[in-house]
Amino acid sequence: MAGRWMKWVVGGALGLTGAALLGLVGYGAILSASLSLPKSDEHPPLLIFGAPHLLKPGEAVIETGVFDRLHRLGYRAVSNVQAPGDYLASPTVIDLYLHAQEESHQPSRRVQVELKDGVITNVLSVREREALPFVTLEAPLLSGMRGGSRQVREWVPYGQIPPLVIKTVLAVEDRRFFSHYGVDPVAIGRALWANVTRGGVVQGGSTITQQLAKNLFYSPQRTMGRKLREVVAAVVMEWKYRKEEILESYLNEIYLGQAGSVSIYGVGEAAHRYFGKSLDALSVEEVALIGGMIKGPNTYSPTKNLEHATHRRNVVLRRLRDEGVLTEGAWKEAVNRPVQVSLPEDVVADAPYFVDYLLRQVEAGTGMGIPEGARIYSTLDPYMQQLATDSLRKGLEKLERQYPALREGETPLQGAVVVLDTHTGHLRAMVGGREYRTSQFNRASQAHRQAGSLFKPFVYLAAFEAARAEGSTGLTPATMLADEPVSFESGTSSWSPQNYDRQFHGQVTVRAALEQSLNVPAVRTAHRLGIGSINRLLRGFGLQGALPDNLSTALGSASVSLLEITAAYGGLANAGVVVKPVALTNLVRDSGETVWSPMVDRHQAVSAQGAYLATSLLKGVLDRGTGSKARAWGLRGPVAGKTGTTDGYRDAWFVGYTPELVIGVWVGFDDERAIRLAGSQAALPIWVDVARRLIPADSPDFSMPSGIVSRTIDPRTGQLATAQCPERVAEVFLEGTEPSVYCEVHGGGLWERVKHTLGFS
């Protein structure tokens with residue numbers, strides 16, 4: 001009986017083994033037909049484009065960077081225009097042969113752009129000799145992305161990979177690569193013993209071929225089933241391909257860490273990203289660093305942990321010495337050199353912070369992965385982006401020279417810039433910090449800091465909107481407010497707001513209070529109005545964060561991102577219509593099919609009349625108030641804006657706008673140390689440098705909507721001015737709220753009353 005039972009057991013075991021072997025053979029046969037190594041021309045990149053630029057009458061070619069734009073697109077100056085990409089410029093005309101534009105189905109064509117004093121006066125089609133309303137330059141390429149990560153990978157053929165790189169990788173990852181058949185029994189035995197004795201999968205004995213199989217075809221989960229499939233795939237690969245082909249794929253596909261949002265794959269890309277060099281220009285210690293990172297790309301990344309990276313590099317160098325690749329002297333020399341990384345800016349990615357933000361917006365909007373080989377058409381203007389980037393970098397460096405204390409501490413002074421189209425919400429430029437290579441944290445969209453005085457215009461705007469129902473008793477730009485000591489009860493204590501200069505100025509108009517950014521009148525207005533109506537208005541302007549239910553909101557105690565507060569000011573510029581910022585216009589598959597076009601999110605937050613009054617006050621900030629230095633620094637044209645300084649001088653802001661563009665700037669420290677500078681000192685100079693280069697001197701003024709009336713007042717009383725008043729200024733009002741009383745301080749006014757009665761004023 002026992003013998004028969006043993007036969008059944010042995011027979012069953014043999015049957016199961018045979019079935020398993022047949023299953024593995026079948027699985028191997030399927031793999032042999034379907035499994036293939038990647039090639040250099042596979043996996044088309046996802047391409048990200050900037051916004052196309054229109055050449056149209058009225059545009060100043062120098063100020064808008066037309067020639068810079070042409071050079072970015074690969075156009076070349078020639079003496080005889082003959083082919084697409086050629087152009088010839090003179091003071092009176094630009095003869096331009098446009099490239100074909102696949103996305104808009106436009107063939108290549110020749111146009112002439114006529115100029116007068118550097119301004120486009122006419123655009124002509126050369127063939128038809130017809131005037132055109134505009135012509136469009138093609139969308140510039142910003143960045144590429146493959147396999148779910150932003151990158152433009154350059155495939156390095158096996159014959160061009162330096163022998164030292166190959167020897168180093170084999171020394172640390174698979175010493176017997178050229179002698180095994182895809183699986184190394186010694187390494188597997190060692191790993192199995194470690195896993196059994198420790199009660200889990202804690203060590204692997206994978207060969208390079210197995211690692212490649214796992215990376216290309218399987219999940220990274222450590223399970224016995226996956227390991228078995230990986231072994232079969234490795235054997236099939238070894239049977240199907242030469243060793244050199246397998247190693248070439250491995251060295252070009254291996255993951256080697258992150259440079260911000262850029263995933264680094266392949267030794268060639270790692271050489272470029274970490275050292276700014278080609279593969280054959282690397283020193284032995286640089287090769288050892290890359291080889292050592294394979295074991296733990298982010299653990300041993302020199303940009304994340306220099307100490308761990310140095311230790312791992314030295315382990316690899318010691319292995320190379322032990323195997324005779326390095327002499328004792330070369331080893332000593334190499335281990336004593338410090339790890340020095342130079343992360344160059346990607347030559348394709350002009351706007352890394354923007355691209356990061358764009359990809360997050362796409363993923364959030366579609367709720368799915370981005371199709372491989374697709375194209376994203378973004379809203380970014382590369383010319384504006386470059387100007388904003390340069391202005392921020394130079395501005396922060398200048399501040400550090402002027403105020404050496406800003407260079408103290410462990411973290412550097414930081415800043416951010418946002419440029420938005422007021423009508424469309426298109427994000428034209430985004431700079432999230434002074435140096436993307438050292439910090440990928442986007443201070444334009446991810447940082448939330450106290451808004452400070454940037455909230456004050458919305459306090460007065462809420463009061464203007466309420467004045468519609470109150471008529472002549474409602475708040476107007478000429479209403480007199482008390483800038484005097486006051487206390488408000490807050491729970492069990494009282495709060496006495498102070499102005500930044502610790503002074504009080506007596507009776508001031510609303511206009512003067514905002515132009516000089518006085519705290520006390522703003523708090524008094526908020527108290528009179530009620531904080532609920534102010535918070536509702538702020539929500540309507542797109543502010544999503546927590547808003548305190550107390551009077552501190554009037555002084556900007558709530559935290560905002562630069563992007564959202566800039567968009568809120570864009571609503572003021574856009575006649576009260578708030579448009580949610582967007583970073584792209586279209587996501588298209590490689591087949592040309594549209595995957596996603598975001599809907600424009602726009603709504604009327606306040607009346608056009610209320611927004612116009614707020615804008616009128618904010619124009620005064622630049623003409624006479626806390627932003628008046630901008631005029632001395634060369635800013636021209638009708639511009640409105642507001643300085644922002646937070647309690648303790650931790651944040652400096654300036655947001656300003658024209659009818660077409662709104663620009664926001666923030667300056668501060670990541671650790672919220674005090675910069676001890678106001679918005680007019682730290683943020684305004686950077687803002688002016690951006691604005692001077694982006695805002696034309698002949699920019700049109702803000703159009704006055706119906707329902708607004710103008711009156712001449714005495715700014716000392718807020719009443720209608722008379723001939724006796726020493727100061728007389730024009731002021732704007734919501735119709736029905738304008739003052740009707742003549743100046744009671746300076747007297748007179750008889751002639752003014754007669755004129756008013758006769759309808760002459």
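Trainee: Where do R393 and E397 lie, and how many residues apart?
Mentor: This is a predicted model. In it, helix α13 holds both R393 and E397. They sit 4 residues apart, about one turn of the helix.

Trainee: What makes R393 and E397 a salt bridge?
Mentor: Their side chains meet at 4.0 Å, N to O. The cut-off is a Lys or Arg side-chain nitrogen within 4 Å of an Asp or Glu carboxyl oxygen. R393 brings the nitrogen and E397 the carboxyl oxygen, so the pair counts as a salt bridge.

Trainee: Why is R393 called partly exposed?
Mentor: Its relative accessibility is 34%. Buried needs under 20% and exposed needs over 50%. The value for R393 falls in between, so R393 is partly exposed.

Trainee: And why does E397 count as partly exposed?
Mentor: E397 has 32% relative accessibility, so it too lands between the two limits.

Trainee: Which residues do salt bridges that share partners join into one network?
Mentor: R511, E515, R624 and E731 are joined that way. A search of the whole structure finds 32 salt bridges.

Trainee: How do you know that E328 and R321 form a salt bridge?
Mentor: The closest N and O atoms are 4.0 Å apart. Within 4 Å is the requirement, so the pair qualifies.

Trainee: What is the relative accessibility of E328, and what is the relative accessible area of R321?
Mentor: E328 has 40%. R321 has 22%. Neither figure is under 20% or over 50%, so E328 and R321 are both partly exposed.

Trainee: What makes R69 and D381 a salt bridge?
Mentor: Their closest N and O atoms are 2.8 Å apart. That is within 4 Å, so the name fits.

Trainee: Why does the pair tie together parts that are apart in sequence?
Mentor: R69 belongs to helix α2, residues 66-72. D381 is in the loop between β14 (375-378) and α13 (382-402). The parts are 312 residues apart in sequence, so the pair ties them together across that separation.

Trainee: Are R69 and D381 buried or exposed?
Mentor: R69 is buried, and D381 is buried as well. That class requires under 20% relative accessible area.

Trainee: Which residues line the second largest cavity?
Mentor: R69 and D381 are among them. The lining also includes H53, R72, E138 and Y383. Helices α2 and α13 are the elements that give two or more residues to this lining.

Trainee: How many nonpolar, polar and charged residues does that lining have?
Mentor: 7 are nonpolar, 1 is polar and 4 are charged.

Trainee: What makes a cavity a cavity, rather than a pocket?
Mentor: A 1.4 Å probe fits in a cavity but cannot get out, whereas a pocket is an open set. The structure has 4 cavities of 30 Å³ or more. The second largest cavity holds about 90 Å³ of space.

Trainee: How much space lies in the second largest pocket?
Mentor: About 1,200 Å³. It is lined by 37 residues, and K56, T64, M384, L694 and P696 are the closest to its centre.

Trainee: Which element supplies the largest share of the lining of the second largest pocket?
Mentor: α22, with 4 residues. β2 (53-55), α13 and α22 (684-694) each supply at least two. By class, the lining has 15 nonpolar, 9 polar and 13 charged residues.

Trainee: Which residues have the most contacts inside the largest nonpolar core?
Mentor: F354, I376, F458, I565 and Y569, in a core of 86 residues. Helix α18, residues 562-573, gives the largest share of this core, 8 residues.

Trainee: What is F354 in contact with, leaving aside its neighbours within four places in sequence?
Mentor: Its contacts include L142, L427, M430 and A583. S378, T379 and L380 are also among them.

Trainee: Where is A575, and why is it called partly exposed?
Mentor: A575 lies in the loop between α18 and β23 (577-579). At 35% relative accessibility, A575 is neither under 20% nor over 50%, so it is partly exposed.

Trainee: How far apart are A575 and P705 in sequence and in space?
Mentor: 130 residues in sequence, but 8.5 Å in space, C-alpha to C-alpha. Not counting residues up to four places away, A575 touches Q604, V606, S607, A608 and A611.

Trainee: What does the secondary structure of the protein come to?
Mentor: 23 helices and 31 strands. Of the 761 residues, 52% count as buried.

Methods. Residues numbered from 1 in each chain as written. Predicted model: local features only at pLDDT ≥ 70, side-chain atom pairs only at ≥ 80, totals over all residues. Heavy atoms only, no water. Buried < 20%, exposed > 50% of the residue type's maximum accessible area, 1.4 Å probe, protein only. Core = buried A, V, L, I, M, F, W, Y, C linked by side-chain atoms within 4.5 Å. Contact = heavy atoms within 4.5 Å. 1 Å grid on protein atoms, 1.4 Å probe; cavity = no way out; pocket = protein on both sides within 12 Å on 5 of 7 lines; lining within 4 Å. Points joined across faces, edges and corners; volume = space filled by probe spheres on them. Nonpolar A, V, L, I, M, F, W, Y, C, P; charged D, E, K, R; others polar.
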